[in-house]
Amino acid sequence: MVYIAILGFGTVGSGVYEVITKNKDVIARKAGVDIAIKYVLDSKEFPNHAVSEVLTHDVNDILEDESIQVVVEVMGGVEVPYQFVKAALERGKHVATSNKALVAAHGPELLRIAKEKNVNFLFEASVGGGIPILRSMNRCLTADVILEVMGILNGTTNYILTEMTEKGLAFEDVLKQAQELGYAEKDPTADIEGYDACRKIAILSSLAFGKTADFEEIPTEGITKITKTDICYAKRCNSVIKLVGISKKTSEGISASVEPMLLPKEHPLANVNGAFNAILVKGNMVGDLMFYGSGAGSLPTASAVVSDVVAAVRHHHIHVDVDWTAEKMEVLPKDHVAVKALVRIVGGEEQQKKALLAFKGGSIVTIEEAKDEFAVITAVETEKSLADKIELLSCEMKVRNRIRMEVAQL
Ligand code: HSE
C-alpha cells in the first residue's frame with residue numbers, strides 16, 4: 001500500500017479524491033500497488049462527506065508522516081503552496097500539482113530540490129487540464145528539436161469567443177452568461193486578460209526550449225477588446241478569432257506571446273470550440289502534432305494529477321529528469337517579432353488609398369455590418385514597423401482595432 005495526501009479539497013482536490021476512489025482497481029494495476037488517501041488538508045469541514053475521515057487542518061500531520069510517499073498540491077495561490085511543496089520535497093516526498101501559477105513562478109527551484117532529494121516534482125495538470133501534453137513533451141518528444149508550441153490554453157476565453165462567433169453576441173453578454181452558468185469565475189480577470197494562458201505558455205516554452213521563460217516578460221493581451229464587428233471581419237476573412245499562446249524559435253531568437261489571433265478556418269486550432277483546449281507542437285523531425293481535450297474541470301484535471309501520482313509511485317527512488325534549467329530564456333522583444341495584422345480604420349475610399357500607401361503590399365476588406373470603416377490586411381512586417389505605421393496613421397484617421405493574423409512558419 002502507498003499512502004498519499006491531498007492539499008486542498010476544492011474543485012480539483014475533490015476530483016482527485018473521486019478519481020482515486022472510483023478507479024481504485026485500475027490505478028492499482030497501473031501503479032503496481034494499491035494507493036490510499038491518508039490525509040486531505042483543508043481549512044473547512046466536510047461533515048457529510050467520507051473525506052471527513054481523513055481530513056486534517058494541520059499540514060505538519062502530512063509533512064511529518066514518513067508513510068506519505070506522494071503529496072498532491074491542488075490548493076491554488078502561490079506562496080502557501082510554495083512553502084508546503086518545498087517542505088514536502090525536502091522531506092523526500094514526491095509532489096504532483098495542478099498549480100500553474102506555482103510552476104511558472106518556482107518550477108526550476110522545485111525541480112532542483114526534487115533532483116537533490118531523488119524524488120519527482122510533477123505538474124502535468126498545470127497546462128491543458130486533462131490533456132497529456134507535458135509528459136508527451138518530456139518523455140515522447142525526446143528525438144526532436146522543438147520549433148514551435150502554439151495553443152488554445154484557456155477554456156473560459158475559448159468558450160466566450162465561440163459563443164460570440166456562433167451566436168453573434170457581444171463579449172460582455174457572453175461573459176455574464178458564462179458567469180451565471182458557472183463556466184467563468186466571479187472574478188474572471190486572470191482568464192479574460194490572458195494571465196492564465198500566459199503562465200501556461202511560459203511553462204510550455206520552458207519545457208520546449210529547456211530554459212526558464214519569465215511569464216512577466218511575455219507580451220500578453222486578453223480578449224476584452226474583441227467586439228462583434230471584429231468577429232464579422234473574421235468571418236469575412238474565412239477565419240476565426242482565438243486567444244492563442246505561442247512560443248517559437250525564429251532566426252532572431254525565441255518569441256513568445258498571448259493574444260487574440262485570426263486563424264484561417266483550415267488551421268488545426270480553428271475548430272477547437274467551447275471550453276476545449278488544444279496544443280500544437282512542431283518538431284523538426286516529427287512535424288506537427290496536435291493535442292486536444294478538456295483543459296479544465298474537476299475530473300479531467302484530476303485525471304492528469306492522478307496520472308502524476310501513478311508516475312511517482314512507479315518511479316519511487318528514481319528521479320526522472322526534466323529538461324528545464326534555471327537559466328533565463330531571452331524572450332525576443334516584441335518589437336522584433338514578425339507579424340501580420342488586420343487593422344480596422346474609420347473612413348471611405350480616400351482613407352483606403354492613404355492606408356494602402358502606408359501598408360505597402362496590404363489589401364482592403366470591408367463588411368456590410370460596419371459601413372463607416374474598412375480594414376487593411378497588412379503584409380508581414382516587424383511589430384515595431386506595424387506599430388509605427390498605425391501611430392502615424394492615427395494622426396489623420398481613427399484606428400479602431402488591430403488583430404494579429406496567423407503567419408505560417410517564417
Ligand atoms: N480558468 C482556466 C480556464 C482553468 O478557463 O481554462 C484551467 O486552468
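This is a short talk on a ligand site and a sheet in one structure.

Okay, thanks everyone. Before anything else, keep in mind that what you're looking at is a predicted model.

Let's begin with the ligand. Where does it sit? In the largest pocket. Two helices each give two or more residues to the shell around it, namely helix H7, spanning 155-167, and helix H10, spanning 195-209.

So who's in that shell? Going along the chain, we have Lys-100, then Asn-154, Gly-155 and Thr-156, then Asp-191, Asp-196 and Lys-200, and finally Gly-295 and Ala-296. If you sort those residues by character, you get four charged, four polar and one nonpolar.

Now zoom in on the oxygen atoms of the ligand. With Thr-156, a polar side-chain atom comes to 2.6 Å from a ligand oxygen. Gly-155 does it through the backbone instead: a polar atom there is 2.7 Å from an oxygen of the ligand. And Lys-200 has a side-chain N or O atom 2.8 Å from a ligand oxygen. How much of the ligand does the protein cover? Taken on its own, the ligand has 260 Å² of accessible area, and 81% of that is covered by the protein.

Okay, leaving the ligand, let's move to the sheet. This one is open, with six strands and parallel pairing, and if you read across it the order goes S3-S2-S1-S4-S5-S6. Which strands are at the edges? Those are strand S3, residues 55-56, and strand S6, residues 121-122, and each of them pairs on one side only.

Let me stay at the S6 end for a second. Strand S5, covering residues 94-97, runs parallel to S6, and two bridges join them. If you want a spot to click on, try Val-95, whose bridge partner in S6 is Phe-121. As a general reminder, strands of a sheet pair through backbone hydrogen bonds, parallel or antiparallel.

That's it from me, happy to go back to any of the views.

Methods
Residues are numbered from 1 along each chain as its sequence is written. This is a predicted model: local features need pLDDT of at least 70, side-chain atom pairs count only at pLDDT 80 or more; totals for chains, interfaces and linings use all residues. Side-chain values use heavy atoms; hydrogens and water are left out. A residue is near a molecule or strand if one of its heavy atoms lies within 4 Å of it. A polar contact is a pair of N or O atoms within 3.5 Å; within protein, one must be able to donate a hydrogen and the other to accept it, and residues adjacent in sequence count only if both atoms are side-chain atoms. Accessible areas come from the Shrake-Rupley method with a 1.4 Å probe; for residues, only the protein chains shown count as cover. On a 1 Å grid over the protein atoms alone, a cavity is a set of points where a 1.4 Å probe fits but cannot get out, and a pocket is an open set with protein on both sides within 12 Å along at least five of seven lines; lining residues have an atom within 4 Å of a point. A molecule sits in a cavity or pocket if more than half of its atoms lie within 2 Å of its grid points. Helices (H or I, at least four residues) and strands (E, at least two) are DSSP runs, numbered from the N terminus. Ala, Val, Leu, Ile, Met, Phe, Trp, Tyr, Cys and Pro count as nonpolar, Asp, Glu, Lys and Arg as charged, and the others, Gly among them, as polar. Two strands pair if DSSP finds at least two bridges between them.
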